[in-house]
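Trainee: I should like to understand how the descriptive terms for this model are justified. May we take them one at a time?

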Amino acid sequence: MSVSGTSAAVRAEGAAPERRARLIALIQSRGAIGVLVLATIVASLRFPFFPTVANFENIGTAASFLGLVAIGQTFVIILGGFDLSVGSLIGLGSVLAAYALPYGWWAALLVPALAGGAVGLVDGLLIARAGMAPFIVTLAALLGVRGIALVLAKNSLVIATPGVFGLIANGQILGIDNLIWIVLIGFAIAAIVLNRTRYGVAVFAIGGNEEAARMLGVPVARIKVLTYVVSGTLAGLSGALLAAHLSSGISTAGQGEELKSIAAAVIGGVLLTGGVGTMAGALSGVLLLGLIENVIDQIGNLSSYYQNLASGVFLLIAVLIQTVLTRRRR
Amino acid sequence: MSDIILETRAVSKRFGAVQALSDVSFALRAGEVHGLAGENGAGKSTLIKILTGFYQPDEGEIILSGTAVRLDSPRAAQRQGISAVYQEINLIPERSVAENLFLGNEPRRFGVLIDRARMERSAAELLARYDLAIDPRARLGALGLGLQQMVSIARGVRLGARVAILDEPSSALTGTEVETLYRVVDRLKADGIAILFVSHRLSESYRLCDRLTVLRDGRVVASEAVADLPRAALIGAMLGRNAEAIHGNRPARTPREGVAAFEASGLRWRNRVRDVSFAVRPGEVVGLAGLLGSGRTETMKASFGAETKEGGAIRVGGSSVPSTTPGRSIAAGLAFLSEDRRAEGIFPKLSVAENLTATALPRIARFGFVSQRKQAAMVAEFTKVLGIKTAGPNAPITSLSGGNQQKVLLARCLATAPRAIMLDDPTRGIDVGAKAEVHEAINRLVEQGLGVLVTSSEMEELMALADRLIVLTEGAVTGATSTDGLEVQDVLDILAQPHEAVAHP
């Protein structure tokens with residue numbers, strides 16, 4: 001058999017399944033964006049209150065806190081883990097921001113971020129070095145961190161936010177809310193880190209096949225620890241921004257955000273088993289959840305419990321599609 | 001011949017009571033393809049794991065380019081230039097080919113951002129050098145297994161491999177993929193890389209290798225240039241003819257006429273089981289003879305439903321089992337004892353009693369509650385019948401010797417009161433005494449009318465157990481013979497015939 005003949009045969013053999021695999025991969029990674037666009041169009045046609053600039057800004061601002069957390073969560077899930085501590089870290093972050101504000105607006109951002117990073121460091125070390133399960137470690141952190149937040153502030157701490165701190169969360173640049181800028185820039189940087197740095201490729205590799213990644217020379221433990229630190233830091237920061245936005249440190253803030261951030265990532269095509277996902281998808285997931293909340297809120301005659309129901313149904317459908325697509329591809 | 005690159009000198013390794021390797025010495029030369037042959041448990045994987053840094057030898061040394069080295073981790077072995085490709089691909093299927101080739105040392109711009117264009121260009125050059133028509137941007141998992149293995153080899157070469165170990169690279173490859181593999185191996189050879197090649201397909205070994213080393217029971221029993229080792233001699237060396245004198249123990253018996261205890265027709269599974277048909281009568285032992293990789297295990301698994309057959313029919317006691325699953329097979333009266341006791345046999349955390357009755361629970365339970373009394377009675381019965389040596393029914397299964405664990409698993413099969421039973425290498429890794437006891441137990445059961453299909457990695461044992469043999473080669477039946485008056489050499493001759501007629505689909 002001639003060399004070129006063999007090559008041609010190999011190529012022909014792989015062509016059709018590869019085209020289908022590419023299509024499926026495209027649906028998996030970009031499907032959420034399509035659904036988001038579709039949902040926006042439907043909501044705009046159906047509800048007159050929906051398609052206004054003010055309402056879009058509402059959705060964006062409201063979703064920005066979840067968005068920041070979802071960035072970290074997406075890194076962690078692609079890595080093959082998940083982080084349940086982020087909701088509690090929002091609460092702790094907002095309380096710490098309130099305490100730190102007297103020392104300056106920078107302290108009110110830095111202290112929550114460092115505290116979140118420290119919790120992430122402990123989580124990461126226990127998971128990567130001690131080999132404990134992410135579920136247990138971050139569940140313990142969820143409980144413990146919320147406890148710390150409640151000890152620090154039983155009731156919410158009202159703070160004055162006239163200065164820079166308030167401006168960060170409530171100001172605008174070019175007519176767009178700062179919070180929206182922050183989360184969009186955050187996602188953009190995260191996308192570059194994920195796809196264009198050795199760290200990002202290593203995250204994909206570990207989530208895709210941890211044993212192989214280790215064999216290929218990826219510093220698995222270090223990457224894991226770093227990823228939990230990133231997630232914790234972003235959650236602490238999200239709490240600080242929430243405090244600035246609401247002019248108060250609230251120890252009970254962020255409850256359930258850990259699960260919502262996982263839901264957002266999964267709806268956005270990030271595989272819960274790790275190794276696959278995009279930041280654009282995760283952002284779409286965040287916005288979809290925000291859109292559902294926004295619409296149900298404004299319909300008025302529906303209780304907000306329906307938000308949870310709708311989100312749950314959405315999540316289930318997303319996972320169902322993922323599962324079917326993944327099986328097709330194999 | 002050219003320079004020795006990698007050499008083992010008197011390497012030995014034992015695991016508990018098992019001497020996995022004794023005194024193994026062999027040399028791998030630059031530009032040489034060196035085949036490693038041997039049956040299950042001969043020590044091939046142990047040797048490879050020592051060369052790739054997974055295990056440390058108890059004795060002996062490894063010499064790499066003239067100096068003794070310690071390979072104390074897989075990464076250390078890789079750094080020393082020993083690159084291994086396994087059947088299980090150790091790459092990241094969801095990422096691109098280029099990323100897999102360069103993971104960990106991607107070319108970068110500004111010291112931070114990965115330069116994808118340059119990475120993909122370099123990847124394309126590397127792949128072109130081995131004449132591989134692979135798009136560097138393709139998702140690795142979208143490639144066939146064979147091309148994935150080629151990528152793995154290319155990665156090794158890129159990182160400066162001097163030794164490439166190919167562990168059963170071709171077992172699951174299609175025809176074109178095998179051709180690609182051959183071409184890459186030839187190129188590696190030309191580049192002066194030493195290749196250790198493990199394959200169960202003799203025709204492949206003869207096509208590719210310059211030299212063959214045969215292991216049996218952890219020892220080197222032959223190491224010759226291919227020209228000096230004809231097929232019959234190779235197979236003789238692999239299977240050995242010095243097994244214990246258990247041959248001739250087989251009682252004379254006449255299988256019952258009438259409906260077959262168990263029957264397969266036109267069985268197909270991937271390209272590993274090709275249109276296999278056979279029948280086992282009640283009171284008869286049929287041996288599936290074939291080398292490792294001939295499809296003997298796969299035939300059993302496809303019959304039982306442990307693998308989903310892609311064609312063919314199974315009949316147990318005359319009635320067909322329409323879509324085979326292990327549960328339905330058991331219900332129909334078919335039992336299967338896996339060759340892999342640890343992975344597919346015992347429940348290591350459960351007791352002897354729980355292990356023994358695991359598949360027979362419906363027989364000893366009422367309304368979903370297991371009757372302790374009936375369970376105890378069942379365990380007592382089989383412990384006595386099979387002579388299981390245990391501290392008691394509640395002893396953990398792992399406290400038993402390998403032979404006694406195997407008897408518990410045999411009892412588990414029998415506890416479902418099967419009409420026919422498939423035993424895949426039932427005495428693998430157990431001592432001689434236990435072996436004889438298992439043989440006796442099998443003979444007794446056959447006397448009572450059970451139909452038995454059996455394989456063994458020892459030809460002598462197969463001849464001692466079976467009334468007749470069905471010969472498998474590369475997944476297809478290539479012969480059938482009664483064992484009466486048959487000599488081991490006769491079977492070896494059948495196995496040694498090249499079967500070019502067996503077409504690869």
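**Helix crossing and chain interface**

Mentor: In this predicted model, helix 11 of chain A passes helix 12 of chain A in a right-handed crossing. Local features need pLDDT of at least 70 and side-chain atom pairs pLDDT 80 or more, whereas totals for chains, interfaces and linings use all residues. Residues are numbered from 1 along each chain, chains are lettered from A, and side-chain values use heavy atoms, without hydrogens and water.

Trainee: Why is the crossing of helix 11 of chain A and helix 12 of chain A called right-handed?

Mentor: The term applies because the near helix is turned clockwise from the far one; anticlockwise by less than a right angle would be left-handed. The axes of helix 11 (residues 257–267) and helix 12 (residues 279–299) of chain A cross at roughly 115° and come within 6 Å. Axes are lines fitted to C-alpha atoms over the stretch in contact, with angles from 0 to 180 degrees between N-to-C directions. Helices are DSSP runs (H or I, at least four residues).

Trainee: What makes Arg198(A) and Glu106(B) a salt bridge?

Mentor: Their closest N and O atoms are 3.2 Å apart. A salt bridge requires a side-chain nitrogen of Lys or Arg within 4 Å of a carboxyl oxygen of Asp or Glu, so the pair qualifies. The count between chain A and chain B is one salt bridge.

Trainee: How many residues are in contact between chain A and chain B?

Mentor: Contact (heavy atoms within 4.5 Å) joins 32 residues of chain A with 35 residues of chain B.

Terms used:
Helix = DSSP H or I, 4+ residues; strand = E, 2+ residues; numbered from the N terminus.
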